[in-house]
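Trainee: Got a minute to walk me through this fold? I'd like the layout before I set anything up.

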Amino acid sequence: MSPASRLLVDIHTHVYLPRYAAFLRSRATVPRIFTRTSPEGRQEERLLILDDEPSSGRPIGAQYWDRDEKLKFMDLHGIDVSVVSSANPWLDFLPAPTAHKLAGELNDDLETYCSTGPALTSNLKRLYGFGLLPLVPEASTESLVSTVEQIAKLPHLKGVIMGTRGLGKGLDDDALEPMWAAIEKAGLVVFLHPHYGVDKNAWGEKESGHVLPLALGFPFETTIATTRLILSGVFDRYPNLRLLLAHSGGALPQLSSRLASCIDHDPLVASRLAHDARYYLGRLYFDAVAYGSEELGFVSDTIGRADKYARAGASAAASASTKGVDGAEKRRVGSGSMLFGTDHPFFPPLGTQEKWKSVVENLEAIDGVWGWTETEKDAVRGGNALSLFNLGS
């Protein structure tokens, strides 16, 4: 195995570029960065990105925008390469002309952030990025396609990050067809990331901080958005489109067979898709930000069985073990679409421990998956990312 295949590559790591942070500081409404006096009497900056989060916001500092802080974090945890993305809420709150202008500027900023950073080898930088699209209501097709083309020309940007709202009607909106075509043509990876969660009334009246929105709301949002893309036939029309799902795909792996059954029994959609719903999980990529070995193993299993469901209307028997193909092999196959991530700078430790528990747990989870050999584990830690983003070649 080559040394490159043992690299640790973080594909889920965020930044608020200085231009974006300054923009948030200029705002008086959510999303915004504001300064307050702490209980200890110090001036401190706070971040508000959700309308219904506590008005005190959350702490924010240099780790959100300073490249040196990102590199220190990487060095502390042995991370060789990071594929950095702007953190939510991106440009969702802006009018279309402002979003288009700022997207172009931030894409150029991120290219500079990456290209002027340190190199690991002569042909491999330590930092790469996902660009931004002006996905806001009233955005024109020309604006979206031209920004895709801009990103494709920036050598250190390897994809785009996007939320789930599209132009306001979701990502299955017919108006986005030219965007999907342009992304597929450019060979960019789409990193689908949540922001809005689900109806806050579902969380009840008891105060639970950010736990319910982050643990359940974010993954459910991803699940719904991806399911809508499957049902819309986007993956049939754009077979080379590569979509990477945050937080291990939310609940989609667990619910994929139920989804297939509901499709089979609904006359409106039963004949719409070229394949059984479970097949499309094998077309997707999943970060390994699940914090548990069993969860990663399950996701890997649902990916690994996908090809058994190429025929529309297949039954559960399609993925039953056959001679020479056991559960471990299915799990090994599925590992090829899973990639390590940290979600930095979110989920910092509450205590004084040096390493971040969220990072350590994700690495321990990869190491503990039954059925993965060191070959698969090394691939999830970094080899799959090198291949997906064509890094170091």
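Mentor: Here is a quick tour, from overall size down to a few odd backbone spots. Keep in mind that this is a predicted model: local features need pLDDT of at least 70, side-chain atom pairs count only at pLDDT 80 or more, and totals for chains, interfaces and linings use all residues. Residues are numbered from 1 along each chain as its sequence is written, and side-chain values use heavy atoms, with hydrogens and water left out.

Trainee: Fine. What does the radius of gyration come to, next to that of a compact globule?

Mentor: The protein has 21 Å, which agrees with the value near 21 Å for a compact globule of 393 residues. That radius is taken over C-alpha atoms, and the globule rule is 2.2 Å times the number of residues to the power 0.38. The C-alpha trace spans about 65 × 50 × 45 Å along its principal axes.

Trainee: And how many helices and strands?

Mentor: 12 helices and 13 strands. Those are DSSP runs numbered from the N terminus: helices are H or I with at least four residues, strands are E with at least two.

Trainee: How are the strands arranged in the eight-strand sheet?

Mentor: That sheet is open, in the order 1-5-8-9-10-11-12-13, with parallel pairing. Two strands pair if DSSP finds at least two bridges between them. Strand 1 (9-15) and strand 13 (338-339) are the edges, each pairing on one side only.

Trainee: Which bridges hold the strand 1 end?

Mentor: Strand 1 and strand 5 pair in parallel over five bridges, and H14 has S85 as its bridge partner in strand 5. Strand 5 (residues 81-86) is then joined to strand 8 (residues 127-132) by four bridges, also parallel. There, S82 has L127 as its partner in strand 8.

Trainee: Does an edge strand like strand 1 end up covered or bare, then? How many of its residues are buried?

Mentor: Mostly covered: seven of its seven residues are buried. Buried means under 20% relative accessible area, exposed over 50%, and partly exposed in between, with a 1.4 Å probe and protein chains only.

Trainee: What does the other sheet look like?

Mentor: It's an open sheet of three strands, order 2-3-4, paired antiparallel. Strand 2 (32-37) and strand 4 (58-59) are its edges. Strand 3 (residues 43-48) meets strand 4 over two bridges, and R46 has P59 as its bridge partner in strand 4. Helix 1 (residues 18-25) lies across strand 2 and strand 3, at about 65° to strand 2. Angles like that run from 0 to 180 degrees between N-to-C directions, with axes fitted to C-alpha atoms, for helices over the stretch in contact.

Trainee: Changing topic: which residues touch the most others in the largest nonpolar core?

Mentor: M162, W180, I183 and F389, out of 111 residues in that core. A core here is a set of buried Ala, Val, Leu, Ile, Met, Phe, Trp, Tyr and Cys residues joined through side-chain atoms within 4.5 Å. Helix 3 (residues 96-115) gives the most to it, with eight residues.

Trainee: What does F389 contact beyond its neighbours within four places?

Mentor: I11, V83, F130, K158, V189, L244 and L339. Contact means heavy atoms within 4.5 Å.

Trainee: And W180 and I183, which helix are they in?

Mentor: Helix 5 (residues 177-186), where the buried residues are E177, M179, W180, A182 and I183. Their cover includes helix 4 (141-153), strand 9 (157-162) and helix 6 (211-232). G187 follows helix 5, with a positive phi near 75°.

Trainee: Which peptide bonds are cis?

Mentor: One joins N88 and P89, with omega about 15°, and P89 is in the loop between strand 5 and helix 3. Another runs from H344 to P345, with omega near 5°.

Trainee: What about D343: is it buried or exposed?

Mentor: Buried, at 5% relative accessible area. D343 also has a positive phi of about 70° although it isn't a glycine. E138 has a positive phi too, near 80°, but E138 counts as exposed at 71% relative accessibility. E138 sits in the loop between strand 8 and helix 4.
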